[in-house]
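Work through these exercises with the sequence and the model open beside you. Try each task before you read its solution.

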Amino acid sequence: MSLLQPDPQAPSVWRDNLPVTSRYTYGLAGERFFRILKDEGKIIGSICAACGATYVPARAFCERCMAELTEWTDVGLVGELHTFTVLFVDMEGRPLDEPELVGFVRFGDGGILHKLDADPDDLQIGMKMEAVLKPKAERIGAITDILGFRPVT
Amino acid sequence: MNERVAIVGVGWAGFRPKTPDLSYKEMIYQAAVRAYHDAKVDPRTDVDSFVTVAEDFHEGTSIADEYTPDQLGAVMKPMQTITGDGLHGLATAVMLVRTGLCRIVVVEGHSKASNILTLDSITAYAQDPVLNRPLRLNTHMVAGLEMNRYLHESGTDEEACAAVVVKNRRNALRNPLTSFGADLTLDEVLAGPPLAWPLGVHQTARPVDGAVVMVLANEQVARSLTDRPIWIAGIGWCNDTPSLESRSWATLPYLEQAAHMAYRQAGIRTPFEEIDFAEIDDTYAYKELQSIEALGLCGFGEAGALLKEGVFDLDGAFPVNASGGSLGAGHLLDATGLHRALEAVLQLRGEAGAHQLEDVQVALVQSWRGVPTTSGAVAVLTN
Ligand SMILES: [Zn+2]
């Protein structure tokens, strides 16, 4: 087979797309995590005593030893900035007008990935960051109930 | 058990940013015909089983594995599709031969990336739907976060990452199977547009189209078909947790495990001494350094300095991505591991052309399925 002669009039492709819509069940641990975030404004984790690990967000089972996790703990709203990035493209790959600050804030042996509200020049790995929550009336039980994290002042 | 498995034929089509003239099936057909000619086998009579790697969302077709037999000569034959990287497909083929179930097995991987009009959205759909995806962030953020923490913990600097780009794109100038060969300076790479700071656009491989087909056989068949079989001395694979919340952001423990598995089979104890060269992950420039360390070629935090000294250059002590890698050739999506294995086979046969390395016997091949995965696969090949 050889290269076709380019002909702008020739039909060469068919276009199609698939709308994909899904529901994602939170599950036992997820439902509890998001209910407490919504109602009490708290971030909770779950503890595996055997592994000495605190999972944040809370989970129903330990990925290290497969134990069921039934011990819950409030880890507060202040964690440690483990790493961060400045994102210059949106979810579809288009350039952003305003670059977006994103960080991973460590709580226990887990943490929360979220947007950061800060001047990037002020950010340092290891600094304390606190979660900024939506007002209670606006919270729906989702990760977006957290608006983001900002440096503790 | 048939202990040894060899690659007895390779074929490819591409690799280039666009293939408007060929459908994906025609591209695979070209690669397959080339591989069967190279191996001197007839797929309709000689091949016992076929393995394809493909991902439905990349194919634009549900149950895409049903569309793989015809262009390979696999109609009315045993055939399976793996959702994984090409090295996962290679591992599956090795197992089919080693059990004795099959004498000759074909592995195929391809990318028709130019037909994927929403690749970033598809990749974002791989994020955790409840914890991460609601933030509506481009998935390159995972690489930006990982690179920043890797630089922080390892003491590696941004210049070392830029040096990976300079090396690989310069190597690509010698390799006709590449699209992004260039003679760049460190400053040009560092001054390039940012993507997910500290990661820049120039430090990120761009997707290309192409197909790779390999023919594998057990030792007896291999020796009857060719006088230059390339042996798969070891192959390993491993995944870490998918959770962004509990993975390591600086190191690749899953790749260390995959390497241990492959090295154990190949009897390798000191990889830097016993292996001659490597074709490994450089989807993002920092990944090459992180992978060199996880593969045990040096200690944690040492790869950047060694790279700047020229150890991993084409004429260095241990050439890494002499082919130009994914930064130089482009990224072949699910076929990327097979692309690296192909480059290793050509080197071990002495057919690499202008980027041929001298006197090489043992090759290391490694791949990663890209963000947001924690998936590693490693193969050791010998001639
Ligand atoms: Zn446990």
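The structure is a predicted model. Start where the two chains meet.

**Exercise 1. How many salt bridges are there between chain B and chain A? Find the residues and place them.**

Step 1. Count. Between chain B and chain A there is one salt bridge.

Step 2. Name the partners. The side chains of A:Glu92 and B:Arg136 meet, with N to O at 3.7 Å. A salt bridge needs a Lys or Arg nitrogen within 4 Å of an Asp or Glu carboxyl oxygen, so this pair qualifies.

Step 3. Place them. B:Arg136 sits in the loop between α4 and α5 of chain B, and A:Glu92 in the loop between β4 and β5 (95-107) of chain A.

Step 4. Check the exposure of A:Glu92. Its relative accessibility is 34%, so A:Glu92 counts as partly exposed.

Step 5. Look for shared partners. A:Asp90, A:Glu92, A:Arg94 and B:Arg136 are joined into one network by salt bridges that share partners.

**Exercise 2. Describe the contact between chain B and chain A: its residues, its area and its elements.**

Step 1. Count residues. On chain B, 41 residues are in contact with 40 residues of chain A.

Step 2. Give the area. About 3,600 Å² is buried between the chains, and carbon and sulfur atoms give 67% of that. B:Leu135, B:Leu145 and B:Glu245 supply 17% of the area that chain B buries against chain A, more than any other three residues.

Step 3. Count polar contacts. There are 15 residue pairs in polar contact between chain B and chain A, both residues being at pLDDT 80 or more.

Step 4. List the elements on the side of chain B. Those giving two or more residues are α1 (24-39), α4 (119-124), α5 (140-154) and β5 (194-197) of chain B. Of these, α5(B) gives the most, with eight residues.

Step 5. Sort the residues by kind. The side of chain B that touches chain A has 20 nonpolar, eleven polar and ten charged residues.

**Exercise 3. Which strand of chain A pairs with β5(B), and in which sense?**

Step 1. Find the strand. It is β4 (residues 78-89) of chain A.

Step 2. Give the sense. The two strands pair in the antiparallel sense, over two bridges.

Step 3. Name a bridge. A:Leu87 has B:Ala196 in β5(B) as its bridge partner.

**Exercise 4. Compare two salt bridges within chain B. How far apart in sequence are the partners?**

Step 1. Take B:Arg149 and B:Glu153. Their side chains meet in a salt bridge at 2.8 Å, N to O.

Step 2. Find the spacing. Both lie in helix α5 of chain B, four residues apart, so about one helical turn separates them.

Step 3. Check exposure. B:Arg149 has 12% relative accessibility and counts as buried. B:Glu153 has a relative accessible area of 37% and is partly exposed.

Step 4. Take B:Asp281 and B:Arg340. In this salt bridge the closest N and O atoms are 3.5 Å apart.

Step 5. Place this pair. B:Asp281 is in the loop between β9 (277-279) and α11 (285-294) of chain B, while B:Arg340 is in helix α14 (residues 336-349) of chain B; the pair therefore ties together parts that are 59 residues apart in sequence.

Step 6. Check exposure again. B:Asp281 and B:Arg340 are both buried.

Step 7. Set these in context. Over all chains, the structure holds 24 salt bridges.

**Exercise 5. Is B:Thr68 buried or exposed? Describe its surroundings.**

Step 1. Locate it. B:Thr68 is in the loop between α2 (56-59) and β3 (79-82) of chain B.

Step 2. Apply the cut-off. Buried means under 20%; B:Thr68 has 4% relative accessibility, so B:Thr68 is buried.

Step 3. Find its polar partner. The B:Thr68 side chain reaches the backbone oxygen of B:Asp65 at 2.7 Å.

Step 4. List its contacts. Leaving out residues up to four places away in sequence, B:Thr68 touches B:Thr52, B:Met79 and B:Thr81.

**Exercise 6. Trace the strand partners of β1 (residues 5-16) of chain B.**

Step 1. Check its cover. Ten of the twelve residues of β1(B) are buried.

Step 2. Take β7 (residues 209-218) of chain B. This strand and β1(B) pair antiparallel over ten bridges. B:Val5 has B:Asn218 as its bridge partner there.

Step 3. Take β8 (residues 230-239) of chain B. Two bridges join β8(B) to β1(B), again antiparallel. Here B:Ala6 stands opposite B:Trp231.

Methods: Residues are numbered from 1 along each chain as its sequence is written. Chains are lettered from A and ligands numbered from 1 in the order in which they are written. This is a predicted model: local features need pLDDT of at least 70, side-chain atom pairs count only at pLDDT 80 or more; totals for chains, interfaces and linings use all residues. Side-chain values use heavy atoms; hydrogens and water are left out. Contact means heavy atoms within 4.5 Å. Buried area is the accessible area (1.4 Å probe) that two parts lose on being put together, summed over both. A polar contact is a pair of N or O atoms within 3.5 Å; within protein, one must be able to donate a hydrogen and the other to accept it, and residues adjacent in sequence count only if both atoms are side-chain atoms. Ala, Val, Leu, Ile, Met, Phe, Trp, Tyr, Cys and Pro count as nonpolar, Asp, Glu, Lys and Arg as charged, and the others, Gly among them, as polar. Two strands pair if DSSP finds at least two bridges between them. Buried means under 20% relative accessible area, exposed over 50%, partly exposed in between (1.4 Å probe, protein chains only).
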